[in-house]
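Trainee: Got a few minutes to go through this one with me? I'd like to start with the DNA and then move on to the protein.
Mentor: Sure, pull it up and ask away.

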2 protein chains.
Amino acid sequence: MAAESRTEPGLRDRFRAQVRQEVKTAALRQLAEGGPEALSLNAIAKQVGMTGPALYRYFTNRDSLLTELVIDAYGDLASTLSHAADAGTTDPVARLTAVVEAYRAWALAEPHRYRLLFRAPLQGYDAQSTSLVEASQPAMKVVLEVVGALAKPGTAVAEGPAAQFREWMNHHEIVDVPEAVALRTTMLWAHLHGLVGLEIEGNFTSMGIDPVSLYESEVKDFVRSL
Amino acid sequence: MAAESRTEPGLRDRFRAQVRQEVKTAALRQLAEGGPEALSLNAIAKQVGMTGPALYRYFTNRDSLLTELVIDAYGDLASTLSHAADAGTTDPVARLTAVVEAYRAWALAEPHRYRLLFRAPLQGYDAQSTSLVEASQPAMKVVLEVVGALAKPGTAVAEGPAAQFREWMNHHEIVDVPEAVALRTTMLWAHLHGLVGLEIEGNFTSMGIDPVSLYESEVKDFVRSL
DNA sequence: TCGTGTTCGTGATAGGCTCTAACTAAAGCT
DNA sequence: AGCTTTAGTTAGAGCCTATCACGAACACGA
């Protein structure tokens with residue numbers, strides 16, 4: 001079966017993929033204790049049972065490994081949010097609340113990964129930066145879809161300053177959501193970003209603030225703002 | 001004048017302080033291009049005209065240099081905000097708007113420093129973390145004071161979950177501000193954190209969103225929420 | 001004015017890191 | 001079978017942080 005053997009993953013490729021995965025989990029484990037600077041290819045290699053240079057067969061770069069972790073994390077976050085959106089009731093507000101809570105929970109459960117997202121691998125190359133921004137969109141999209149159910153089918157048509165934004169929405173196949181609502185959602189997104197960021201860094205506890213009430217207000221305000 | 005010579009800065013100390021400052025500015029310059037990982041003590045030393053090890057006479061550590069930069073940045077931010085608050089009119093809303101805009105402007109003008117604040121030197125030692133949180137409070141305080149004028153002298157007394165927060169407020173000499181308003185302000189703070197963070201990383205431009213309108217909404221919503 | 005102790009900067013060095021290069025061993029394909 | 005591609009090795013270049021021991025410059029009291 002020539003045709004089959006050509007399309008099949010290939011035994012070798014599967015091994016390769018598995019090693020890659022093993023390396024990544026080792027990297028995550030190391031990331032959890034010590035932050036992104038502490039991530040050492042040598043140490044990772046030792047952990048998966050090989051010497052340093054061998055890793056370069058699997059990842060071209062230290063940075064490329066890191067950005068791959070970032071992209072994975074974005075994907076994981078997106079699927080977590082999407083799962084939270086579909087799990088409970090169909091009540092729009094409840095769904096939104098669930099998504100917000102899932103966002104927070106994910107960040108609290110794996111702060112190191114969340115930090116990884118929030119501040120990318122810290123070098124600021126434009127090329128990577130845009131690819132990372134792209135990777136962040138699916139998660140954003142989940143929120144937008146949940147919000148879509150909240151908003152009445154608007155008649156607003158792109159015009160003026162929102163035209164570019166509408167274009168972005170079209171490009172990401174977000175329809176039936178008025179720009180105003182989408183803008184609002186972006187703000188919600190940014191707000192969560194900020195709240196979680198502060199909470200992870202311990203600002204709230206140091207101020208004696210209970211974060212839960214903040215998130216509740218957040219959702220309430222958002223719904224009201226529509 | 002034994003008393004005088006004892007209390008005076010001392011010629012040597014002043015030189016020392018000046019070198020420290022020079023090192024820090026060189027560090028900032030290097031930080032602006034390449035991020036915190038690229039900050040190399042060797043390179044800094046070369047830039048100020050000495051060899052690597054000499055820096056250890058002035059800073060015990062690479063990390064200690066970084067955290068000092070963070071603390072400086074917080075101070076700078078706080079004074080910028082405070083200046084913005086006192087510059088214009090006495091109209092409370094206008095003052096708040098000015099502060100918000102100053103916050104954003106500062107972050108946009110020096111993204112690398114803002115990043116430094118937002119995600120501390122990336123190692124996560126608890127001891128430093130709390131000291132950094134402490135350093136962030138003065139800036140927060142400026143916002144709270146501006147808001148204080150906005151809020152009617154409330155009669156709210158700490159009770160229940162807000163008690164700890166009230167304690168924190170007392171400790172920072174924030175009086176005449178009801179807890180509810182202070183909480184609201186904390187949220188505003190977090191929101192700005194989130195908006196600026198996304199804007200700096202280029203998310204808004206990549207989505208075709210004009211950030212200015214977001215900040216305007218932010219202030220408007222905040223005022224309404226009181 | 002002359003020791004004398006403190007401070008500043010140096011080169012040398014240890015130990016770590018990323019990443020390249022040359023080489024060996026093994027696996028897959030024909 | 002033999003040939004080719006791949007996975008892993010060791011060696012090493014060139015960085016880095018950080019420590020150490022030493023010499024030079026300075027401040028200061030006698």
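**DNA contacts and chain symmetry**

Mentor: Keep in mind that this is a predicted model. Of the atoms of DNA strand C that lie within 4 Å of the protein, 67% are sugar or phosphate atoms, and the rest are from bases.

Trainee: Which residues come nearest to DNA strand C?
Mentor: There are 17 residues around DNA strand C, and Leu41(A), Asn61(A), Thr51(B), Arg57(B) and Tyr58(B) come nearest.

Trainee: And which side chains have polar atoms by its phosphate oxygens?
Mentor: Asn61(A) is one of them, with a side-chain N or O atom 2.6 Å from a phosphate oxygen of DNA strand C. From chain B, a polar side-chain atom of Thr51(B) is 2.7 Å from a phosphate oxygen of that strand, and one of Arg16(B) is 3.3 Å from a phosphate oxygen.

Trainee: Which elements supply at least two residues of that surface?
Mentor: α3 (41-48) of chain A and α2 (11-32) of chain B each do so for the surface near DNA strand C. By class, that surface has eight nonpolar, four polar and five charged residues.

Trainee: OK, over to DNA strand D. How many residues surround it, and which are the closest?
Mentor: DNA strand D is surrounded by 18 residues, the closest being Thr51(A), Arg57(A), Tyr58(A), Leu41(B) and Asn61(B).

Trainee: What about phosphate contacts there?
Mentor: Thr51(A) has a side-chain N or O atom 2.5 Å from a phosphate oxygen of DNA strand D. For Tyr56(B), a polar side-chain atom lies 3.1 Å from a phosphate oxygen of the strand. Arg62(B) uses its backbone: an N or O atom there is 2.9 Å from a phosphate oxygen of DNA strand D. The elements giving two or more residues to this surface are α2 (11-32) of chain A and α3 (41-48) of chain B.

Trainee: Changing topic: what turn lays chain A on chain B?
Mentor: A turn of 180 degrees with a shift of 0.0 Å along the axis does it, at an RMSD of 0.0 Å. The two copies are thus related as by a two-fold rotation axis. The same surface serves both copies, as 98% of the contact residues of chain A recur in chain B.

Trainee: Which residue of chain A comes closest to the rotation axis?
Mentor: Gly194(A), with its C-alpha at 1.8 Å.

Trainee: Last one: at what angle do α9 and α11 of chain B pack?
Mentor: About 175 degrees, with the axes 11 Å apart, so α9(B) and α11(B) are roughly antiparallel. Leu188(B), Leu192(B) and Leu195(B) are among the α9(B) residues in that contact, and Leu214(B) and Phe222(B) are among those from α11(B).

Definitions and conventions: Residues are numbered from 1 along each chain as its sequence is written. Chains are lettered from A and ligands numbered from 1 in the order in which they are written. This is a predicted model: local features need pLDDT of at least 70, side-chain atom pairs count only at pLDDT 80 or more; totals for chains, interfaces and linings use all residues. Side-chain values use heavy atoms; hydrogens and water are left out. A residue is near a molecule or strand if one of its heavy atoms lies within 4 Å of it. A polar contact is a pair of N or O atoms within 3.5 Å; within protein, one must be able to donate a hydrogen and the other to accept it, and residues adjacent in sequence count only if both atoms are side-chain atoms. Helices (H or I, at least four residues) and strands (E, at least two) are DSSP runs, numbered from the N terminus. Copies are superposed by least squares on the C-alpha atoms of residues with pLDDT of at least 70 in both. Contact means heavy atoms within 4.5 Å. Axes are lines fitted to C-alpha atoms, for helices over the stretch in contact, and angles run from 0 to 180 degrees between N-to-C directions. Angles under 35 degrees count as roughly parallel, over 145 as roughly antiparallel, 65 to 115 as roughly perpendicular and the rest as oblique. Ala, Val, Leu, Ile, Met, Phe, Trp, Tyr, Cys and Pro count as nonpolar, Asp, Glu, Lys and Arg as charged, and the others, Gly among them, as polar.
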